[in-house]
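Hi,

Here is the structure I said I'd pass on. Have a look at it first, and then read my notes below.

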Amino acid sequence: MRQEENGFPANRQFYIVEDGKKIFFSGNVNDPNFKEGVCVHSQNITTIVVKTKCGLEIIRKIFILPHYEELPLATEVQRIEIYNKSKKARKLKIVSIGMFGSSVPHAFMEDVLYSNIIMQSRLLKDEEGNILAIGDNYYPQNLRSDERFHCMIIRDKKENRFPKEFCANYNEFVGRGSLETPEGIYFLSNKINRKGPGFFALGGYFDIETGEKAVVDTFTGVVSKKANPN
């Protein structure tokens with residue numbers, strides 16, 4: 001969807017921020033805080049284990065959910081387990097990012113620019129203002145039979161929480177930085193984007209005591225009226 005990108009390197013990636021500083025980006029093994037890591041590919045699951053120099057151990061498990069009647073057609077899950085192996089309590093922020101595909105892929109054959117600007121962003125919130133999901137909104141009404149979504153649940157020993165911040169504009173998110181060091185991770189704009197492409201970022205907060213862990217689940221998928229009218 002971005003003409004200057006071959007594919008989209010932000011998919012499935014996330015950042016961890018502490019004390020106003022980025023301490024981890026999942027897409028860069030050359031990060032100064034990266035200590036060691038290993039990746040294991042298995043049937044329908046990829047497991048990535050990373051240790052940072054600041055005392056975190058991060059285990060990523062990426063897999064596809066089984067499909068059952070009335071559930072989304074296809075949902076990719078990334079479970080991120082963050083263990084605090086340092087000697088101090090940590091107050092952290094996580095930002096997950098990615099890019100939605102086109103609702104009308106064959107339109108790329110005609111006009112990539114049109115396919116970008118015809119996309120809008122949309123949010124699903126609960127009564128308390130928590131962000132349950134972020135999605136895209138292809139402008140023509142008759143082309144909204146497929147609904148793409150991304151959602152995040154932060155789990156620790158106290159409760160399950162949803163993200164509080166979002167960004168739907170890639171250029172705004174990166175700012176004068178780069179994908180490895182974007183300006184936008186410190187304060188997501190919380191602005192709906194009127195013209196694509198379908199970039200998304202969700203940000204949430206959590207605390208981890210020494211020797212404990214937090215779990216962050218992200219779900220990225222599509223629901224379709226063709227399979228389930230509801």
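Leu-188 is buried, with a relative accessible area of just 1%. One thing to keep in mind as you read: this is a predicted model. Leu-188 isn't part of a helix or strand; it lies in the loop that runs between helix H2 (170-174) and strand E13 (199-208). What does Leu-188 touch, if you leave out residues up to four places away in sequence? The list is Lys-93, Val-95, Glu-165, Phe-166, Cys-167, Phe-173, Ala-201, Leu-202 and Gly-203. If you want a distance to check in your viewer, take Leu-188 and Pro-66: they are 122 residues apart in sequence, and their C-alpha atoms are 32 Å apart in space.

Next, the sheet. There's an open one with 5 strands, in the order E2-E1-E7-E13-E12, and the pairing is antiparallel. Its edges are strand E2 (21-25) and strand E12 (165-167), each of which pairs on one side only. From one strand to the next, the twist averages 25°. At the E2 end, strand E1 (residues 13-18) pairs with E2 over 4 bridges, in the antiparallel sense. Within that pairing, Val-17 stands opposite Lys-22 in E2.

Now for the rings. How many aromatic pairs does the structure hold? The count is 6. One of them is Tyr-15 with Phe-25, a stacked pair at 4.6 Å centre to centre with 15° between the planes. Tyr-15 sits in strand E1 and Phe-25 in strand E2, so this pair ties together parts that are 10 residues apart in sequence. Are these two rings' residues buried or exposed? Tyr-15 has 0% relative accessibility and so counts as buried, and Phe-25 counts as buried too, at 3%.

Tyr-15 also pairs with Phe-173: the ring centres are 5.9 Å apart and the planes are at 55°, so that pair is tilted. Here the link is between distant parts of the chain, with Tyr-15 in strand E1 and Phe-173 in helix H2, 158 residues apart. Phe-173 is buried, as is Tyr-15. You'll have met Phe-173 above, among the residues that Leu-188 touches. Put together, Tyr-15, Phe-25, Tyr-170, Phe-173 and Phe-199 form one aromatic cluster.

Last stop is strand E14 (residues 213-224). This strand is mostly covered, with 9 of its 12 residues buried. Which strands does it pair with? One is strand E6 (residues 74-84), which pairs with E14 in the antiparallel sense over 10 bridges; there, Ile-82 has Ala-214 of E14 as its bridge partner. Another is strand E10 (residues 146-155), joined to E14 by 10 bridges and also running antiparallel. In that pairing, His-150 has Thr-220 of E14 as its bridge partner.

For a single residue to click on in E14, try Thr-218. Why does Thr-218 count as buried? Its relative accessibility is 4%, and the cut-off for buried is under 20%. Leaving out residues up to four places away in sequence, Thr-218 touches Glu-76, Val-77, Gln-78, Ser-96, His-150, Cys-151 and Met-152. His-150, then, turns up twice: as a contact of Thr-218 and as the bridge partner of Thr-220.

Cheers

Notes. Residues are numbered from 1 along each chain as its sequence is written. This is a predicted model: local features need pLDDT of at least 70, side-chain atom pairs count only at pLDDT 80 or more; totals for chains, interfaces and linings use all residues. Side-chain values use heavy atoms; hydrogens and water are left out. Helices (H or I, at least four residues) and strands (E, at least two) are DSSP runs, numbered from the N terminus. Buried means under 20% relative accessible area, exposed over 50%, partly exposed in between (1.4 Å probe, protein chains only). Contact means heavy atoms within 4.5 Å. Two strands pair if DSSP finds at least two bridges between them. Axes are lines fitted to C-alpha atoms, for helices over the stretch in contact, and angles run from 0 to 180 degrees between N-to-C directions. Rings of Phe, Tyr and Trp (its six-membered ring) pair if their centres lie within 6.5 Å; planes under 30 degrees apart count as stacked, over 60 as edge-to-face and the rest as tilted.
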